[in-house]
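This briefing introduces a protein structure to a reader who meets it here for the first time. The points that follow the display are grouped by topic.

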Amino acid sequence: MTERTDRTRLIAAATRRGRGRRPVGPPIERASTLLNDTPGAMRDESLGPVYGIEDLSAARELRDRLCDLEGATDAWLVPSGLAAVTVPLTALLRSGDEVLTTDALYGPSRRFLKRHMGARGVTTAFHDADASTGEVIAALTDRTRLLLIESPSSLTFEMLDVPALADACRARGVLTVMDNTWAAGLAFRPLAHGIDVSVQAVTKYVSGHSDLLMGSIAVADPVVGRPIAETLEDLGWRVSPDDAWLALRGIRTMPLRYQEQARSARIVADWLQARPEVADVLYPALPGTAGHALWARDYSGAASLFGVVMRGGDETAAHAFMSALDLFGLGYSWGGFESLITHETGQLAGRRSPPDLAGQLLRLHIGLEGPHDLIADLEDGLTAWRTALG
């Protein structure tokens with residue numbers, strides 16, 4: 001049998017025969033107490049979960065699908081995308097260890113390393129967002145226990161050579177954790193490229209409908225996974241059965257949504273790149289942009305999220321642009337069906353070395369609306385931008 005595509009595998013599990021008459025989706029089991037027929041069965045884990053804090057039907061099925069998607073031996077669900085990053089860090093790091101990561105790290109992950117892990121004796125070192133592979137490797141020290149990777153990075157979308165970094169870290173006994181939300185486990189599979197722990201915000205593309213919060217953690221090596229599983233057990237974290245069911249529903253259609261939104265994103269990005277008001281479009285899938293060669297080599301697709309650097313301007317002009325839009329929602333997150341826009345210039349100030357951009361930084365998420373309708377909306381935004389600049 002030929003290798004099945006992602007879109008086929010994510011659906012085929014639901015229709016597999018041999019399990020009797022049943023609904024297409026698993027039941028939503030809302031339960032804290034799970035009853036038994038005999039006293040001897042109460043702690044028999046071979047019969048399934050013994051208490052509701054363990055994953056029930058929908059969550060177990062979602063974990064299986066994520067394992068298949070990620071090429072993992074196990075995957076766990078946590079209450080948010082941020083938790084998907086913080087749990088492995090908590091599980092794998094001890095006092096005296098050092099984390100190396102990008103200066104463009106997602107803000108809440110950066111805050112966790114500084115505030116929570118720093119108070120527990122774990123230090124963090126940052127490499128430049130646009131550092132070369134050699135520069136990242138040179139920044140590893142005898143104390144470096146873990147390399148935390150975002151590629152593309154938050155807000156400015158720099159790319160790293162993940163396979164090369166994974167190889168270098170493995171040779172030095174350094175663990176690797178990669179936030180792979182942008183690729184959603186579809187366009188890039190970190191575990192297949194040597195990464196130890198792949199995490200993503202299920203909130204985004206897996207859910208696809210902006211109606212739940214969840215994260216996932218996947219590993220190929222059970223030895224790496226054991227402290228993660230034990231940490232989750234000790235913390236008592238779980239996701240609700242209703243949210244697990246919704247995310248499972250979302251993952252069935254994710255490949256089609258991801259592909260279609262990327263198609264629209266490319267149309268919009270091409271149009272913006274040609275506009276005189278725009279200095280740069282930060283999108284690795286766009287030819288001629290920074291990181292495009294790495295993206296073309298390693299990725300089979302692209303997210304529908306990118307940055308737009310305006311030519312000059314100020315906060316007033318950026319807000320005028322955003323206020324003139326009708327189809328783009330003003331809100332955080334991405335990966336859902338709707339288009340969104342945020343103003344990100346202020347967040348760059350928190351970096352050790354803020355990038356020298358030509359103007360205001362906006363972030364666009366392209367949803368499932370018609371791309372030419374979105375372009376017409378952005379045209380209105382650019383008119384307001386020019387008016388605000390006088």
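Arg252 is buried, because its relative accessible area of 15% falls under the 20% limit. The model is predicted. The side chain of Arg252 forms a salt bridge with that of Glu61, with 3.7 Å from N to O.

**Salt bridges**

- The Glu61–Arg252 pair connects distant parts of the chain, for Glu61 belongs to helix H2 (residues 57-70) and Arg252 to helix H8 (residues 241-273), 191 residues apart.
- Glu61 also counts as buried, because its relative accessible area is 15% and the limit for burial is under 20%.
- A further salt bridge is made by the side chains of Arg170 and Asp196, at 3.2 Å from N to O.
- Arg170 is placed in helix H6 (residues 162-172), while Asp196 sits in the loop between strand S5 (175-179) and S6, so this salt bridge ties together parts 26 residues apart in sequence.
- Asp196 is buried, with a relative accessible area of 10%.
- One network, built from salt bridges that share partners, joins Glu3, Asp6, Arg9, Asp68 and Arg189.
- Arg63 and Asp55 are likewise paired through their side chains, in a salt bridge of 2.7 Å from N to O.
- Both Arg63 and Asp55 are buried.
- In total, the structure holds 21 salt bridges.

**Overall form**

- The protein is built with 11 helices and 12 strands.
- For 390 residues, a compact globule would be expected to have a radius of gyration near 21 Å, and the value of 22 Å for the protein agrees with this.
- Taken along the principal axes, the box filled by the C-alpha atoms is roughly 80 × 50 × 40 Å.
- Buried residues make up 53% of the 390 residues of the protein.

**Charged patches on the surface**

- A patch of negative charge on the surface is formed by Glu45, Glu230, Glu233 and Asp234.
- Within this patch, Glu230 belongs to helix H7 (residues 222-235).
- Glu230 is partly exposed, because its relative accessible area of 41% lies between the limits of 20% and 50%.
- A patch of positive charge on the surface brings together Arg4, Arg16, Arg19 and Arg22.
- Arg4 is located in the segment before helix H1 (6-15).
- The relative accessibility of Arg4 is 41%, and this residue therefore counts as partly exposed.

**Backbone geometry**

- Most residues other than glycine have a negative phi, and most peptide bonds are trans.
- The bond between Ser151 and Pro152 is a cis peptide bond, with omega at about 0 degrees.
- Pro152 is part of the loop between strand S4 (144-150) and H6.
- Phe157, although not a glycine, has a positive phi of about 65 degrees.
- The loop between S4 and H6 also contains Phe157.
- Phe157 is buried, with a relative accessible area of 4%.
- Ala184 is a residue other than glycine with a positive phi, near 60 degrees.
- Ala184 is found in the loop between S5 and S6.
- With a relative accessible area of 0%, Ala184 is buried.

**A residue in strand S6**

- Gln200 is one of the residues of strand S6 (residues 197-201).
- Gln200 is buried, because its relative accessible area of 2% is under the 20% limit.
- Along the chain, Gln200 and Leu56 are 144 residues apart, and a distance of 21 Å separates their C-alpha atoms.

Methods: Residues are numbered from 1 along each chain as its sequence is written. This is a predicted model: local features need pLDDT of at least 70, side-chain atom pairs count only at pLDDT 80 or more; totals for chains, interfaces and linings use all residues. Side-chain values use heavy atoms; hydrogens and water are left out. Patches are made of residues with over 30% relative accessible area and no salt bridge: like charges are joined within 9 Å, nonpolar side chains (Val, Leu, Ile, Met, Phe, Trp, Tyr) within 5 Å. Accessible areas come from the Shrake-Rupley method with a 1.4 Å probe; for residues, only the protein chains shown count as cover. A salt bridge is a side-chain nitrogen of Lys or Arg within 4 Å of a carboxyl oxygen of Asp or Glu. Lys and Arg count as positive and Asp and Glu as negative; His and the chain ends are not counted. The place of a charge is taken as NZ of Lys, CZ of Arg, CG of Asp or CD of Glu. Helices (H or I, at least four residues) and strands (E, at least two) are DSSP runs, numbered from the N terminus. Buried means under 20% relative accessible area, exposed over 50%, partly exposed in between (1.4 Å probe, protein chains only). The radius of gyration is taken over C-alpha atoms; the globule rule is 2.2 Å times the number of residues to the power 0.38.
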